[in-house]
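Trainee: Before I read this structure on my own, could we go through it by question and answer?
Mentor: Yes. Here it is.
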Amino acid sequence: MGDLATLPSQPLQPNISLTKTDGLTTVIPGSTVTYSITVSNTGACDITAPFLLNLSDAPPAELQGPTWDPSSLAPPGIGLALNAGETKTFKVSGKIADLATGTITNTARISLPTGIFDPDLGPLQPQVLTATDTTQVLG
């Protein structure tokens, strides 16, 4: 039996979180909506090239003329570096279709590169996080 000093150390891992919100519970057809997509790394290691996160955002059909800030987030998405302790926020805006009804569901996804594991997701591949915002259409 060895002591704790001889045990192999655990590899440093990122701890990625993803949120998406428009800050609204209801929306009126024809209005403009802006979604915030926030990615954070509260883990102990940086995500850098060539092992980048893949952040993608495919807006629903009810969001017309979407524009992204920065524009690099537009489909199919971007490779994203994220240092330990860093948070990045992206925006997507568009007009709610005049004939929109029901509930609008808008989802962003982030995939970790092969071989990088988030402790909240466990060791299984693929490592994918999603964040979904739902907003009720009035009218």
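The turns below go from confidence to strand pairing and then to single residues.

Trainee: What is the average pLDDT of the chain?
Mentor: This is a predicted model, and pLDDT is the predictor's confidence in each residue, from 0 to 100. Here 89% of the residues score at least 70. The chain average is 88.

Trainee: Which strand has the highest confidence, and which the lowest?
Mentor: At the low end is strand 6, residues 78-80, with a mean of 88. At the high end, with a mean of 98, is strand 2.

Trainee: How many contacts does the stretch of residues 1-8 have beyond near neighbours in sequence?
Mentor: The pLDDT over residues 1-8 is below 50. Beyond near neighbours in sequence, the number of contacts for this stretch in the model is 0.

Trainee: In what order do the 5 strands of the open sheet lie?
Mentor: The pairing in this sheet is mixed. Strand 2 and strand 6 are its edges, each pairing on one side only. Between strand 8 and strand 9 there are 9 bridges, antiparallel, and strand 4 joins strand 8 by 4 bridges, also antiparallel. The order is 2-9-8-4-6.

Trainee: Which residue of strand 8 is the bridge partner of Leu-55?
Mentor: Strand 4 covers residues 53-57, and Leu-55 is among the residues that point to its buried face. Strand 4 is antiparallel to strand 8. The partner of Leu-55 there is Ile-110.

Trainee: Which side chains of strand 4 point to the face that is not buried?
Mentor: In a regular strand the side chains alternate between the two faces of the sheet. In strand 4, Leu-53, Leu-55 and Asp-57 take one face and are buried. The other face has Asn-54 and Ser-56.

Trainee: Which residue stands opposite Asn-54 in strand 6?
Mentor: Strand 4 and strand 6 run antiparallel and are joined by 3 bridges. Opposite Asn-54 is Gly-79.

Trainee: Why is strand 3 described as largely enclosed by the rest of the structure?
Mentor: Strand 3 is bridged to strand 1 at 6 places, antiparallel, and to strand 7 at 9, also antiparallel. Examples are Ile-16 with Asn-41 and Ser-40 with Thr-87. Strand 3 is called largely enclosed because the buried residues among its 10 number 7.

Trainee: Is Thr-107 buried or exposed?
Mentor: Thr-107 is in strand 8. Buried means under 20% relative accessible area. Thr-107 has 15%, so it counts as buried.

Trainee: Which residue makes a polar contact with the side chain of Thr-107?
Mentor: Leaving aside neighbours within four places in sequence, the contacts of Thr-107 include Lys-20, Asp-57 and Thr-132. A polar contact of 2.8 Å links the side chain of Thr-107 to that of Thr-132.

Trainee: Lys-20 lies over the face of which residue?
Mentor: A charge sits over a ring if NZ of Lys is within 6 Å of the ring centre and within 35 degrees of the ring normal. Lys-20 is 5.2 Å from the ring centre in question. The residue is Tyr-35.

Trainee: How far apart in space are Ile-104 and Val-137, C-alpha to C-alpha?
Mentor: Ile-104 is also a residue of strand 8 and is buried, with a relative accessible area of 1%. Among the residues Ile-104 touches are Val-27, Tyr-35 and Val-137. Ile-104 and Val-137 are 33 residues apart in sequence, and their C-alpha distance is 7.1 Å.

How values were computed. Residues are numbered from 1 along each chain as its sequence is written. This is a predicted model: local features need pLDDT of at least 70, side-chain atom pairs count only at pLDDT 80 or more; totals for chains, interfaces and linings use all residues. Side-chain values use heavy atoms; hydrogens and water are left out. Helices (H or I, at least four residues) and strands (E, at least two) are DSSP runs, numbered from the N terminus. Contact means heavy atoms within 4.5 Å. Buried means under 20% relative accessible area, exposed over 50%, partly exposed in between (1.4 Å probe, protein chains only). A polar contact is a pair of N or O atoms within 3.5 Å; within protein, one must be able to donate a hydrogen and the other to accept it, and residues adjacent in sequence count only if both atoms are side-chain atoms. Two strands pair if DSSP finds at least two bridges between them.
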